[in-house]
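Q: Please take a close look at a single loop residue and its surroundings. From there, please carry the account on to the helices and the salt bridges, in one connected answer.

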Amino acid sequence: MTYDLYARRPFFSEDHEAFRTSVRSFLARDVTGHVEDWERHGDIPRSVWDSAGELGLFGLAAPEHLGGGGEPDYRFRMAAIEEFTRVGAASPAATIATHADILLHYVVDLATPEQAERWVPRLASGEWIGAIAMTEPGAGSDLRAIATTADRDGDGWVLNGTKTFISNGIHSQLVVVAARTGRAPDAPLSLFVVEDGASGFGRGKKLEKLGLKAQDTAELSFEDVRIPASHLLGEEGRGMRAIVSHLPLERLSIAANAVAGMRAALAWTIEYVLERRAFGKALAEFQNTQFTIAELVTELEATQAFVDEMVLRHNRGELTPVDAAKVKWWATESHKRAVDRCLQLFGGYGFMSEYPIARAYADTRVTTIFGGTTEIMKTIIARDVLGVR
(Lines give C-alpha, C1' and ligand atoms only; values in the text may rest on other atoms or scores of the structure.)
Protein backbone atom coordinates (compact mmCIF):
# COMPACT_ATOMS: atom_id res chain seq x y z
CA MET A 1 0.00 0.00 0.00
CA THR A 2 1.46 3.33 -1.03
CA TYR A 3 -0.66 5.51 1.26
CA ASP A 4 0.55 5.20 4.85
CA LEU A 5 -1.93 6.62 7.35
CA TYR A 6 0.71 6.46 10.05
CA ALA A 7 3.56 8.06 8.13
CA ARG A 8 5.33 10.65 10.24
CA ARG A 9 3.77 14.11 10.09
CA PRO A 10 5.78 17.36 10.34
CA PHE A 11 3.47 18.28 13.22
CA PHE A 12 5.55 16.00 15.45
CA SER A 13 9.22 16.47 16.40
CA GLU A 14 11.89 13.85 17.06
CA ASP A 15 11.07 14.03 20.77
CA HIS A 16 7.39 13.35 20.10
CA GLU A 17 8.29 10.38 17.91
CA ALA A 18 10.67 8.97 20.53
CA PHE A 19 7.85 9.15 23.07
CA ARG A 20 5.50 7.51 20.57
CA THR A 21 7.95 4.63 20.20
CA SER A 22 7.99 4.06 23.95
CA VAL A 23 4.18 4.10 24.06
CA ARG A 24 4.05 1.62 21.20
CA SER A 25 6.38 -0.73 23.09
CA PHE A 26 4.24 -0.45 26.23
CA LEU A 27 1.11 -1.27 24.26
CA ALA A 28 2.70 -4.26 22.54
CA ARG A 29 3.90 -5.60 25.88
CA ASP A 30 0.95 -4.90 28.19
CA VAL A 31 -2.17 -4.03 26.20
CA THR A 32 -2.65 -5.16 22.61
CA GLY A 33 -3.21 -8.87 23.19
CA HIS A 34 -5.58 -8.29 26.10
CA VAL A 35 -8.11 -5.74 24.82
CA GLU A 36 -10.81 -8.25 23.83
CA ASP A 37 -10.56 -10.03 27.17
CA TRP A 38 -10.79 -6.76 29.11
CA GLU A 39 -13.84 -5.73 27.11
CA ARG A 40 -15.55 -9.06 27.84
CA HIS A 41 -14.83 -8.86 31.55
CA GLY A 42 -15.42 -5.13 31.81
CA ASP A 43 -12.23 -4.24 33.64
CA ILE A 44 -8.53 -3.46 33.20
CA PRO A 45 -5.98 -4.93 35.66
CA ARG A 46 -4.28 -2.58 38.07
CA SER A 47 -0.89 -3.82 36.83
CA VAL A 48 -1.52 -2.10 33.50
CA TRP A 49 -1.92 1.25 35.22
CA ASP A 50 1.28 0.65 37.18
CA SER A 51 3.16 0.15 33.91
CA ALA A 52 1.48 3.18 32.35
CA GLY A 53 2.51 5.23 35.36
CA GLU A 54 6.12 4.16 35.04
CA LEU A 55 6.05 5.40 31.45
CA GLY A 56 4.69 8.74 32.60
CA LEU A 57 1.35 8.51 30.79
CA PHE A 58 -0.63 9.86 33.74
CA GLY A 59 1.44 12.89 34.64
CA LEU A 60 2.96 14.36 31.50
CA ALA A 61 1.71 17.86 32.30
CA ALA A 62 2.38 17.79 36.05
CA PRO A 63 5.36 19.81 37.36
CA GLU A 64 8.65 17.93 37.50
CA HIS A 65 9.23 18.82 41.15
CA LEU A 66 5.97 17.03 41.94
CA GLY A 67 6.87 13.88 40.02
CA GLY A 68 5.38 14.78 36.67
CA GLY A 69 6.85 15.17 33.22
CA GLY A 70 6.74 18.96 33.29
CA GLU A 71 5.65 18.86 29.66
CA PRO A 72 2.84 21.24 28.64
CA ASP A 73 3.10 20.41 24.91
CA TYR A 74 -0.10 18.50 24.15
CA ARG A 75 1.47 16.87 21.10
CA PHE A 76 2.99 14.27 23.41
CA ARG A 77 -0.49 13.30 24.53
CA MET A 78 -1.62 13.24 20.91
CA ALA A 79 1.14 10.81 19.97
CA ALA A 80 0.07 8.51 22.81
CA ILE A 81 -3.60 8.78 21.85
CA GLU A 82 -2.84 7.80 18.26
CA GLU A 83 -1.00 4.70 19.40
CA PHE A 84 -3.80 3.61 21.75
CA THR A 85 -6.47 4.01 19.08
CA ARG A 86 -4.27 2.30 16.50
CA VAL A 87 -4.54 -0.96 18.45
CA GLY A 88 -8.21 -0.50 19.35
CA ALA A 89 -7.51 0.22 23.03
CA ALA A 90 -10.27 2.81 23.44
CA SER A 91 -11.15 1.91 27.04
CA PRO A 92 -7.60 2.35 28.39
CA ALA A 93 -7.29 5.55 26.36
CA ALA A 94 -10.48 6.93 27.90
CA THR A 95 -9.31 6.09 31.42
CA ILE A 96 -6.01 7.89 30.92
CA ALA A 97 -7.67 10.87 29.21
CA THR A 98 -10.04 11.39 32.14
CA HIS A 99 -7.11 11.37 34.52
CA ALA A 100 -4.38 13.12 32.52
CA ASP A 101 -6.38 15.65 30.49
CA ILE A 102 -9.12 16.55 32.96
CA LEU A 103 -8.69 15.62 36.62
CA LEU A 104 -4.95 16.28 36.89
CA HIS A 105 -5.25 19.80 35.52
CA TYR A 106 -7.89 20.77 38.07
CA VAL A 107 -5.60 19.67 40.89
CA VAL A 108 -2.41 21.16 39.46
CA ASP A 109 -4.04 24.48 38.60
CA LEU A 110 -6.17 24.98 41.71
CA ALA A 111 -4.31 23.28 44.56
CA THR A 112 -2.45 25.17 47.25
CA PRO A 113 1.23 24.23 47.62
CA GLU A 114 0.33 21.97 50.55
CA GLN A 115 -2.47 20.28 48.60
CA ALA A 116 -0.22 19.85 45.57
CA GLU A 117 2.45 18.13 47.66
CA ARG A 118 -0.17 15.74 49.01
CA TRP A 119 -1.98 14.84 45.81
CA VAL A 120 -0.03 15.61 42.64
CA PRO A 121 2.86 13.11 43.06
CA ARG A 122 0.40 10.26 43.58
CA LEU A 123 -1.68 11.32 40.60
CA ALA A 124 1.33 11.95 38.36
CA SER A 125 2.79 8.52 39.06
CA GLY A 126 -0.49 6.68 38.59
CA GLU A 127 -0.38 5.43 42.18
CA TRP A 128 -3.75 7.14 42.48
CA ILE A 129 -6.34 7.19 39.71
CA GLY A 130 -8.52 10.28 39.68
CA ALA A 131 -12.10 11.08 38.73
CA ILE A 132 -14.13 14.24 38.47
CA ALA A 133 -17.74 14.13 39.67
CA MET A 134 -20.04 16.71 38.13
CA THR A 135 -22.87 14.90 36.31
CA GLU A 136 -25.93 14.03 38.39
CA PRO A 137 -29.15 12.15 37.63
CA GLY A 138 -30.82 15.53 37.02
CA ALA A 139 -27.82 17.51 35.81
CA GLY A 140 -25.90 16.54 32.70
CA SER A 141 -24.81 19.26 30.30
CA ASP A 142 -26.68 21.79 32.45
CA LEU A 143 -24.22 22.23 35.30
CA ARG A 144 -26.45 24.89 36.82
CA ALA A 145 -28.82 22.08 37.80
CA ILE A 146 -26.28 20.49 40.15
CA ALA A 147 -28.01 19.70 43.45
CA THR A 148 -25.15 18.20 45.53
CA THR A 149 -24.54 20.39 48.57
CA ALA A 150 -21.64 21.16 50.87
CA ASP A 151 -22.66 22.69 54.20
CA ARG A 152 -20.28 24.27 56.64
CA ASP A 153 -19.52 22.22 59.75
CA GLY A 154 -17.10 23.93 62.08
CA ASP A 155 -13.99 24.58 60.03
CA GLY A 156 -14.94 21.91 57.48
CA TRP A 157 -17.81 20.83 55.27
CA VAL A 158 -20.48 18.12 55.04
CA LEU A 159 -21.13 16.84 51.54
CA ASN A 160 -24.44 15.30 50.39
CA GLY A 161 -25.54 14.26 46.94
CA THR A 162 -25.40 11.72 44.14
CA LYS A 163 -23.32 11.71 40.98
CA THR A 164 -23.67 9.47 37.94
CA PHE A 165 -21.81 8.53 34.73
CA ILE A 166 -18.52 9.16 36.54
CA SER A 167 -15.55 7.93 34.53
CA ASN A 168 -12.97 6.10 36.69
CA GLY A 169 -15.56 6.10 39.47
CA ILE A 170 -14.93 2.56 40.70
CA HIS A 171 -11.13 2.53 40.85
CA SER A 172 -10.39 6.16 41.72
CA GLN A 173 -8.56 7.05 44.92
CA LEU A 174 -9.28 10.77 44.53
CA VAL A 175 -12.46 12.42 43.30
CA VAL A 176 -13.00 16.12 42.64
CA VAL A 177 -16.66 16.87 43.43
CA ALA A 178 -18.70 19.87 42.35
CA ALA A 179 -21.18 20.95 45.02
CA ARG A 180 -23.25 23.96 46.00
CA THR A 181 -21.93 25.82 49.03
CA GLY A 182 -25.33 26.95 50.21
CA ARG A 183 -28.90 25.66 50.21
CA ALA A 184 -30.38 28.10 47.69
CA PRO A 185 -30.99 26.53 44.26
CA ASP A 186 -28.68 29.14 42.74
CA ALA A 187 -26.00 28.94 45.44
CA PRO A 188 -22.51 29.09 43.95
CA LEU A 189 -20.57 25.97 43.11
CA SER A 190 -17.34 24.98 44.84
CA LEU A 191 -14.97 22.07 44.25
CA PHE A 192 -13.92 19.57 46.90
CA VAL A 193 -11.50 16.66 46.99
CA VAL A 194 -12.80 13.39 48.42
CA GLU A 195 -10.30 10.63 49.04
CA ASP A 196 -11.00 6.92 48.91
CA GLY A 197 -12.22 5.61 52.26
CA ALA A 198 -13.94 8.79 53.42
CA SER A 199 -16.86 7.94 55.70
CA GLY A 200 -20.17 8.24 53.85
CA PHE A 201 -18.56 8.09 50.40
CA GLY A 202 -20.12 5.23 48.46
CA ARG A 203 -19.70 3.72 45.02
CA GLY A 204 -22.68 2.20 43.30
CA LYS A 205 -22.57 -0.55 40.74
CA LYS A 206 -20.33 -0.26 37.75
CA LEU A 207 -22.61 0.96 34.97
CA GLU A 208 -23.12 -1.26 31.94
CA LYS A 209 -22.51 0.78 28.80
CA LEU A 210 -23.00 0.43 25.07
CA GLY A 211 -19.27 0.88 24.48
CA LEU A 212 -16.01 1.48 26.34
CA LYS A 213 -16.95 -1.57 28.35
CA ALA A 214 -13.56 -2.02 30.05
CA GLN A 215 -13.43 1.60 31.21
CA ASP A 216 -15.15 1.89 34.56
CA THR A 217 -18.09 4.26 34.88
CA ALA A 218 -20.01 4.45 38.12
CA GLU A 219 -22.58 6.09 40.33
CA LEU A 220 -21.14 7.82 43.39
CA SER A 221 -22.98 8.79 46.55
CA PHE A 222 -22.04 11.23 49.30
CA GLU A 223 -23.98 10.88 52.54
CA ASP A 224 -22.85 13.26 55.26
CA VAL A 225 -19.27 13.02 54.02
CA ARG A 226 -17.16 15.22 56.28
CA ILE A 227 -14.53 17.15 54.37
CA PRO A 228 -11.78 19.08 56.12
CA ALA A 229 -11.31 22.71 55.12
CA SER A 230 -8.02 21.67 53.53
CA HIS A 231 -9.95 19.67 50.89
CA LEU A 232 -11.63 22.70 49.34
CA LEU A 233 -10.05 22.93 45.88
CA GLY A 234 -9.72 26.50 44.68
CA GLU A 235 -11.77 29.34 46.09
CA GLU A 236 -15.16 28.88 47.71
CA GLY A 237 -17.94 29.83 45.33
CA ARG A 238 -15.67 29.92 42.29
CA GLY A 239 -16.30 26.38 41.13
CA MET A 240 -18.21 27.30 37.98
CA ARG A 241 -15.42 29.62 36.86
CA ALA A 242 -12.90 26.80 37.43
CA ILE A 243 -15.04 24.37 35.45
CA VAL A 244 -15.48 26.75 32.53
CA SER A 245 -11.75 27.47 32.39
CA HIS A 246 -10.93 23.74 32.18
CA LEU A 247 -13.58 22.70 29.66
CA PRO A 248 -11.53 23.71 26.58
CA LEU A 249 -8.81 21.15 27.32
CA GLU A 250 -11.38 18.46 28.11
CA ARG A 251 -13.06 19.08 24.76
CA LEU A 252 -9.76 19.24 22.92
CA SER A 253 -8.88 15.86 24.44
CA ILE A 254 -12.13 14.38 23.15
CA ALA A 255 -11.47 15.84 19.70
CA ALA A 256 -7.92 14.46 19.66
CA ASN A 257 -9.20 11.00 20.54
CA ALA A 258 -11.90 11.32 17.87
CA VAL A 259 -9.57 12.17 14.99
CA ALA A 260 -7.16 9.45 16.11
CA GLY A 261 -10.10 7.06 16.09
CA MET A 262 -10.95 8.13 12.53
CA ARG A 263 -7.40 7.35 11.48
CA ALA A 264 -7.47 3.91 13.09
CA ALA A 265 -10.85 2.99 11.62
CA LEU A 266 -9.74 4.02 8.16
CA ALA A 267 -6.46 2.10 8.45
CA TRP A 268 -8.30 -1.10 9.45
CA THR A 269 -10.75 -0.60 6.59
CA ILE A 270 -8.14 0.00 3.91
CA GLU A 271 -6.33 -3.16 4.98
CA TYR A 272 -9.60 -5.10 4.88
CA VAL A 273 -10.84 -3.94 1.47
CA LEU A 274 -7.46 -4.69 -0.11
CA GLU A 275 -7.58 -8.28 1.17
CA ARG A 276 -11.29 -9.16 1.10
CA ARG A 277 -12.66 -10.48 -2.18
CA ALA A 278 -16.20 -10.53 -3.52
CA PHE A 279 -17.52 -11.44 -6.96
CA GLY A 280 -14.04 -12.46 -8.00
CA LYS A 281 -12.14 -9.30 -7.13
CA ALA A 282 -10.91 -7.31 -4.14
CA LEU A 283 -13.39 -4.95 -2.53
CA ALA A 284 -10.89 -2.17 -3.24
CA GLU A 285 -11.54 -2.61 -6.96
CA PHE A 286 -15.20 -1.57 -6.69
CA GLN A 287 -15.96 2.06 -7.45
CA ASN A 288 -18.19 2.44 -4.40
CA THR A 289 -15.31 1.35 -2.16
CA GLN A 290 -12.91 3.69 -3.92
CA PHE A 291 -15.24 6.69 -3.58
CA THR A 292 -15.90 5.94 0.08
CA ILE A 293 -12.20 5.64 0.90
CA ALA A 294 -11.41 8.80 -1.07
CA GLU A 295 -14.03 10.76 0.87
CA LEU A 296 -12.93 9.39 4.22
CA VAL A 297 -9.24 10.13 3.63
CA THR A 298 -10.12 13.69 2.69
CA GLU A 299 -12.37 14.14 5.72
CA LEU A 300 -9.66 12.71 7.96
CA GLU A 301 -7.02 15.08 6.68
CA ALA A 302 -9.33 18.09 6.99
CA THR A 303 -10.33 17.13 10.52
CA GLN A 304 -6.72 16.42 11.50
CA ALA A 305 -5.64 19.84 10.28
CA PHE A 306 -8.41 21.42 12.38
CA VAL A 307 -7.44 19.47 15.50
CA ASP A 308 -3.73 20.17 15.00
CA GLU A 309 -4.38 23.91 14.81
CA MET A 310 -6.42 23.81 18.02
CA VAL A 311 -3.65 21.87 19.76
CA LEU A 312 -1.14 24.54 18.79
CA ARG A 313 -3.51 27.22 20.09
CA HIS A 314 -3.77 25.30 23.36
CA ASN A 315 0.02 25.08 23.58
CA ARG A 316 0.19 28.86 23.17
CA GLY A 317 -2.51 29.43 25.79
CA GLU A 318 -4.91 30.72 23.13
CA LEU A 319 -7.56 27.98 22.94
CA THR A 320 -10.93 29.59 23.71
CA PRO A 321 -14.13 27.88 24.85
CA VAL A 322 -15.63 28.62 21.44
CA ASP A 323 -12.60 27.12 19.62
CA ALA A 324 -12.92 24.01 21.76
CA ALA A 325 -16.65 23.74 21.09
CA LYS A 326 -16.03 23.95 17.34
CA VAL A 327 -13.34 21.28 17.24
CA LYS A 328 -15.14 19.00 19.68
CA TRP A 329 -18.40 18.76 17.76
CA TRP A 330 -16.76 18.61 14.37
CA ALA A 331 -14.23 15.91 15.24
CA THR A 332 -16.67 13.70 17.13
CA GLU A 333 -19.42 13.89 14.52
CA SER A 334 -16.83 13.23 11.79
CA HIS A 335 -15.51 10.26 13.77
CA LYS A 336 -18.98 8.81 14.28
CA ARG A 337 -19.81 9.17 10.60
CA ALA A 338 -16.48 7.70 9.48
CA VAL A 339 -16.75 4.61 11.68
CA ASP A 340 -20.26 3.94 10.42
CA ARG A 341 -19.13 4.13 6.80
CA CYS A 342 -16.06 1.98 7.48
CA LEU A 343 -18.16 -0.68 9.18
CA GLN A 344 -20.41 -0.81 6.11
CA LEU A 345 -17.43 -1.81 3.99
CA PHE A 346 -16.74 -4.73 6.32
CA GLY A 347 -20.19 -6.12 5.62
CA GLY A 348 -21.29 -8.83 8.04
CA TYR A 349 -17.84 -9.07 9.59
CA GLY A 350 -18.18 -5.49 10.76
CA PHE A 351 -20.99 -6.65 13.04
CA MET A 352 -18.77 -9.19 14.79
CA SER A 353 -17.36 -8.00 18.11
CA GLU A 354 -13.94 -9.57 17.56
CA TYR A 355 -13.32 -7.02 14.82
CA PRO A 356 -12.04 -3.70 16.18
CA ILE A 357 -14.34 -1.77 13.84
CA ALA A 358 -17.37 -3.26 15.63
CA ARG A 359 -16.04 -2.22 19.04
CA ALA A 360 -15.18 1.20 17.64
CA TYR A 361 -18.76 1.61 16.42
CA ALA A 362 -20.04 1.19 19.98
CA ASP A 363 -17.18 3.12 21.62
CA THR A 364 -17.56 6.11 19.31
CA ARG A 365 -21.22 6.82 20.01
CA VAL A 366 -20.70 8.51 23.38
CA THR A 367 -18.21 11.06 22.11
CA THR A 368 -20.91 13.37 20.74
CA ILE A 369 -22.54 13.27 24.19
CA PHE A 370 -19.90 13.49 26.93
CA GLY A 371 -17.91 16.65 27.49
CA GLY A 372 -20.96 18.56 26.27
CA THR A 373 -23.33 17.33 23.57
CA THR A 374 -23.05 18.41 19.96
CA GLU A 375 -26.15 20.53 20.48
CA ILE A 376 -24.55 22.35 23.43
CA MET A 377 -21.39 22.93 21.38
CA LYS A 378 -23.41 24.47 18.55
CA THR A 379 -25.26 26.66 21.02
CA ILE A 380 -21.96 27.99 22.41
CA ILE A 381 -20.74 28.78 18.89
CA ALA A 382 -24.00 30.36 17.75
CA ARG A 383 -24.15 32.63 20.79
CA ASP A 384 -20.64 33.81 20.08
CA VAL A 385 -21.36 34.46 16.40
CA LEU A 386 -24.82 35.96 16.76
CA GLY A 387 -24.43 37.67 20.11
CA VAL A 388 -27.68 36.18 21.45
CA ARG A 389 -28.39 34.44 24.74
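A: Phe351 has a relative accessibility of 70% and therefore counts as exposed, since the cut-off for that class is over 50%. The model in which this value was computed is a predicted one. Phe351 belongs to the loop that runs between α9 (321–346) and α10 (356–364). Together with Tyr349 and Met352, Phe351 makes up a nonpolar patch on the surface, with an area of about 340 Å².

The loop between α8 and α9 supplies another residue to consider, Leu319. Leu319 has a relative accessible area of 13% and is therefore buried, the limit for that class being under 20%. When neighbours within four places in sequence are set aside, the contacts of Leu319 are Pro248, Leu252, Met310, Arg313, His314 and Ala324. Ala338 is 19 residues away from Leu319 in sequence, and the C-alpha atoms of the two are 26 Å apart in space.

Helix α9 also carries charged pairs. Within this helix, a salt bridge joins the side chains of Glu333 and Lys336, with an N to O distance of 3.3 Å. These two residues are three places apart in α9, which means a separation of about one helical turn. Glu333 is buried, at a relative accessible area of 18%, whereas Lys336 is partly exposed, at 25%.

Arg337 forms a salt bridge with Glu299, and the closest N and O atoms of this pair are 3.8 Å apart. Because Arg337 lies in α9 and Glu299 in α8 (residues 287–315), the pair ties together parts that are 38 residues apart in sequence. Both ends are partly exposed: Arg337 has a relative accessibility of 36%, and Glu299 has a relative accessible area of 22%.

A further pair, Glu17 and Arg20, meets through a side-chain salt bridge of 3.0 Å, N to O. The two residues are three apart in helix α1 (residues 14–30), so about one helical turn separates them. Glu17 is buried, with a relative accessible area of 16%, and Arg20 is buried as well, at 7%. Glu17 and Arg20 are also members of a network of salt bridges that links them with Arg9, Arg24, Glu82, Glu83, Arg86 and Asp308. The structure as a whole holds 26 salt bridges. In general, side chains of opposite charge can pair when their charged atoms come close.

Helix α6 completes the account. This helix spans residues 113–125, which is 13 residues, and its first and last C-alpha atoms are 18 Å apart, close to the 18 Å expected at 1.5 Å a residue. A kink of about 35° is nevertheless present at Trp119, shortly before the proline Pro121. Trp119 is also one of the buried residues of α6, which are Gln115, Ala116, Trp119, Val120, Leu123 and Ala124. Among the elements that cover these buried residues are helix α5 (90–110) and the strands β1 (130–133), β4 (174–180), β5 (189–195) and β8 (232–233). Gly126 follows α6 and has a positive phi, near 85°.

Terms used. Residues numbered from 1 in each chain as written. Predicted model: local features only at pLDDT ≥ 70, side-chain atom pairs only at ≥ 80, totals over all residues. Heavy atoms only, no water. Patch = residues over 30% accessible without salt bridge, like charges linked within 9 Å, V, L, I, M, F, W, Y side chains within 5 Å. Areas by Shrake-Rupley, 256 points an atom, 1.4 Å probe, with all protein chains shown as cover. Salt bridge = Lys/Arg side-chain N within 4 Å of Asp/Glu carboxyl O. Helix = DSSP H or I, 4+ residues; strand = E, 2+ residues; numbered from the N terminus. Buried < 20%, exposed > 50% of the residue type's maximum accessible area, 1.4 Å probe, protein only. Expected span 1.5 Å × (residues − 1). Bend = angle between axes of the 7 residues up to and from the residue. Contact = heavy atoms within 4.5 Å.
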